Amino acid sequence: MTTNPAERLVDLLDLEQIEVNIFRGRSPQESLQRVFGGQVAGQALVAAGRTTDGERPVHSLHAYFLRPGRPGVPIVYQVERVRDGRSFTTRRVTAVQQGRTIFNLTASFHKPEEGPFEHQLPPARELTHPDSLPTVAEEIRKHLGALPEQLERMARRQPFDIRYAEPLRWNDEEVKGAEPRSAVWMRAVGPLGDDPLVHTCALTYASDMTLLDAVRIPIEPLWGRRSFDMASLDHAMWFHRPFRADEWFLYDQESPIATGGRGLARGRIYDIEGRLLVSVVQEGLFRSL
């Protein structure tokens with residue numbers, strides 16, 4: 001078993017095909033209470049992509065997290081071939097664990113074509129080069145002196161290098177008055193190969209890592225004891241341009257509203273040159289501990 005986190009991520013996304021439209025994915029035994037949602041979304045997208053001709057990139061996905069998955073228990077992905085059209089291909093994926101549906105996803109694939117025009121909104125912030133920013137682990141060590149044991153283990157296994165574009169807030173005074181916005185630079189910690197589907201699914205994995213942080217920014221420090229349990233409810237992504245997930249991308253995140261125990265977050269993913277690559281929207285459930 002490889003010890004390189006990027007290679008482990010590629011292995012995690014390499015599903016076993018057990019029937020024509022049925023795939024099985026590993027679910028690592030970790031200290032988390034439930035399977036990481038980005039893992040399930042990334043694996044489901046791999047299953048969908050494996051049933052296409054490979055000539056049409058994913059352009060959007062819409063997914064629902066229905067039940068928490070159990071770490072250490074394999075997940076079976078059942079693919080329904082909804083449509084194979086001249087320009088678009090549609091797949092529906094159901095993730096099953098121990099006989100129970102835990103997740104479903106609909107993905108659409110689009111044959112590349114030239115459009116009559118182009119435009120995009122620029123990044124909302126100045127793009128500070130990530131190489132000049134500390135890693136999350138470095139920020140935590142600087143504040144706490146050392147990483148707690150659990151965070152140390154997580155940092156060693158983390159497949160993405162994450163760097164906050166603005167300094168983390170560590171106490172209630174720093175949190176007070178903060179807007180529900182967050183931005184992080186991310187990239188895989190090692191090469192992911194040249195398969196575009198792997199890069200798309202790896203970024204799908206990463207897209208669930210920090211997005212709901214935007215909901216928590218005005219409430220409490222991101223690192224430390226949590227006052228709230230949170231879980232992803234649904235997730236939607238639109239892929240606008242080709243990219244590599246092992247190159248730096250900026251994940252600009254904001255939460256327009258939190259009410260009724262649910263928080264909505266949306267993100268825009270840019271490359272280092274400021275080109276908009278992906279748009280993301282997610283809703284999460286928040287409950288007091």
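**Close-up views of a predicted model**

**View 1. The C-terminal domain annotated in UniProt, residues 157–285.** Over residues 157–285 the chain is 16% helix and 43% strand, and the C-alpha atoms at the two ends lie 26 Å apart; helices (H or I, at least four residues) and strands (E, at least two) are DSSP runs, numbered from the N terminus. An unreviewed UniProt entry annotates this stretch as "domain: Acyl-CoA thioesterase 2 C-terminal", with positions given in the numbering used here, the feature name shortened, and the possibility that the annotation is inferred rather than shown by experiment. The model is predicted, so local features need pLDDT of at least 70 and side-chain atom pairs count only at pLDDT 80 or more, whereas totals for chains, interfaces and linings use all residues. Residues are numbered from 1 along each chain as its sequence is written, and side-chain values use heavy atoms, with hydrogens and water left out.

**View 2. Surroundings of L264 in strand 11.** L264 is found in strand 11, which spans residues 262–271, and counts as partly exposed because its relative accessibility is 27% (buried means under 20% relative accessible area, exposed over 50%, and partly exposed in between, with a 1.4 Å probe and protein chains only). Leaving aside residues up to four places away in sequence, L264 touches V215, E254, S255, P256, I257, V281, Q282 and E283, a contact being heavy atoms within 4.5 Å. L285 is 21 residues from L264 in sequence, and their C-alpha atoms are 9.1 Å apart.

**View 3. The salt bridge between R50 and D14.** The closest N and O atoms of this pair are 3.0 Å apart, a salt bridge being a side-chain nitrogen of Lys or Arg within 4 Å of a carboxyl oxygen of Asp or Glu. The pair links distant parts of the chain, 36 residues apart, with R50 in helix 2 (residues 37–50) and D14 in the loop between helix 1 (5–12) and strand 1 (16–19). R50 counts as partly exposed, at 36% relative accessibility.

**View 4. The salt bridge between D229 and R34.** Here the closest N and O atoms are 3.4 Å apart. Because D229 lies in strand 9 (residues 228–239) and R34 in the loop between strand 2 (22–25) and helix 2, the pair ties together parts that are 195 residues apart in sequence. Both partners count as partly exposed, D229 at 32% relative accessibility and R34 at 27%.

**View 5. A network of salt bridges that includes R181 and E179.** The side chains of R181 and E179 meet at 2.9 Å, N to O, and R181 counts as partly exposed at 41% relative accessibility. E179, R181, D252, E254, R266 and R268 are linked in this network, and the structure holds 17 salt bridges.
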